[in-house]
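Please open the structure in a viewer and keep the selection tool at hand. The tour proceeds from the whole chain to a few selected places.

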Amino acid sequence: MGERGATAVIDHSQVTEKRNKIRFPFGDAEMIQLSFAGIIVKYGDIALREQINLHMDMEDEPSVVELHFTLSGYGFLKNDRSGDRYDFEENFCNMHYLPQFTGVGEYAKDMRYRFFEVHFTTDAFLALAQNSSPLLMELADKISTDSKIDINKENMPITMAMHQCIQDIMHCRFSGGLKMMYLQSKCIELLALQTQGYENFTGKTPGITADDIERIRYAQAYLVQNSLQPPSLIELSRIAGINEFKLKKGFKEIFNNTVFGYLADHKLSEAREMLLYRQIPIKEVADQLGYSSVQHFSKAFKKKFGVAPGQAKG
């Protein structure tokens, strides 16, 4: 395919890390893989210049339960065996068991596609699922008999807690055996968060239709994209094409937060990433995220995370 790049393999005693930067004719990609204790973490950042259609054949890959999180961009996979289509939507996630997959993937041009995945080997997942939750135990029971299992046909919103957990994994500062313990605990936490989210998500509020859910998703995406100048609740309901009552009720169920509580958490999670991992000065973070003053930002940050921004940065 005319690809060019370099791969670095780092063995942290019990965690094997692979970093790969590749230049394709259709775009540039950076891919990272962490392997340890029956778990594989994969995440990547792909800048696409052209639309791509990829054929994927994973018949020889080991069977895994996959947690998939789309951080930005969109695309889809289509399974040639079953005809099922899996859409990847920005800020949404899903959980699958696909022991054999042959199909195609399509991603649009002029797009930045960022993803994060956690793969549990079948044995590792079955050990974790024992005496855990009804949802995971049901999935474990089906794995021995079914060739394809979806936790839910619908993608679920990525919560702020999930985003924070993902950032903690990507920016882990431990090494050696402690790194493996930390990453393992965070991957299990992410599994628990996604399972809890699906258990809440499947109990739909009466009167909230599939069309309403799509409009609420649109409202959430619009809110995040316009976080510096957010619309009022009435304006947001008009933009999304849903009445204010359904927007408030449905948003609370799907995202486990109020509309503007979600927005506040989103901005603070962004602030935490900017401080911890990008080393941006506190005043600049407050200014970029639209806080009226450093004092206002510091008060909100401490209330959310229990420490002042300066302590988080240090």
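Two residues are said to be in contact when heavy atoms of theirs lie within 4.5 Å. In this predicted model, consider the contacts between residues at least 6 apart in sequence: 64% of them join residues at least 24 apart.

**The whole chain**

Begin by selecting the protein chain and displaying it as a cartoon. Eleven helices and 13 strands should appear. The chain has 314 residues, and 46% of them count as buried. If a surface is then displayed, its accessible area comes to about 16000 Å², with 51% belonging to carbon and sulfur atoms.

**The largest nonpolar core**

Next, select Phe36, Val41, Phe69, Phe116, Val118, Phe125 and Leu190. Within the largest nonpolar core, which has 39 residues, these touch the most other members. Now add helix H4, residues 176–201, to the selection; this helix gives the core its largest share, seven residues.

Keep Phe116 in view and show its surroundings. Leaving aside residues up to four places away in sequence, Phe116 touches Val41, Lys42, Tyr43, Leu67, His68, Phe69, Leu71, Ile166, Ile169, Met170 and Leu190. Apart from the largest core lies another one, made of 17 residues, including Ile208, Leu233, Leu236 and Val259.

**Isoleucine 46**

Select Ile46, which is placed in strand E4, residues 39–48. Is this residue buried or exposed? Ile46 counts as buried because its relative accessibility is 18%, and the cut-off for buried is under 20%.

Show the neighbours of Ile46 as sticks. Not counting residues up to four places away in sequence, Ile46 touches Asp28, Ala29, Met31, Met111, Arg112, Tyr113 and Phe115. For a distance exercise, pick the C-alpha atoms of Ile46 and Phe26: the two residues are 20 apart in sequence, and these atoms are 9.9 Å apart in space.

**The second largest pocket**

Rolling a probe the size of a water molecule over the atoms reveals where empty space remains. The second largest pocket holds about 790 Å³ of space. Which residues of its lining are the closest to its centre? Select Leu71, Asn91, His163, Val224 and His266, which are the closest among the 31 lining residues.

Then colour strand E6 (64–72), helix H3 (160–170), helix H5 (210–225) and helix H8 (259–276), each of which supplies at least two residues of this lining. Finally, colour the lining residues of the pocket by type: eleven are nonpolar, eleven polar and nine charged.

Key:
Residues numbered from 1 in each chain as written. Predicted model: local features only at pLDDT ≥ 70, side-chain atom pairs only at ≥ 80, totals over all residues. Heavy atoms only, no water. Core = buried A, V, L, I, M, F, W, Y, C linked by side-chain atoms within 4.5 Å. Buried < 20%, exposed > 50% of the residue type's maximum accessible area, 1.4 Å probe, protein only. Helix = DSSP H or I, 4+ residues; strand = E, 2+ residues; numbered from the N terminus. Areas by Shrake-Rupley, 256 points an atom, 1.4 Å probe, with all protein chains shown as cover. 1 Å grid on protein atoms, 1.4 Å probe; cavity = no way out; pocket = protein on both sides within 12 Å on 5 of 7 lines; lining within 4 Å. Points joined across faces, edges and corners; volume = space filled by probe spheres on them. Nonpolar A, V, L, I, M, F, W, Y, C, P; charged D, E, K, R; others polar.
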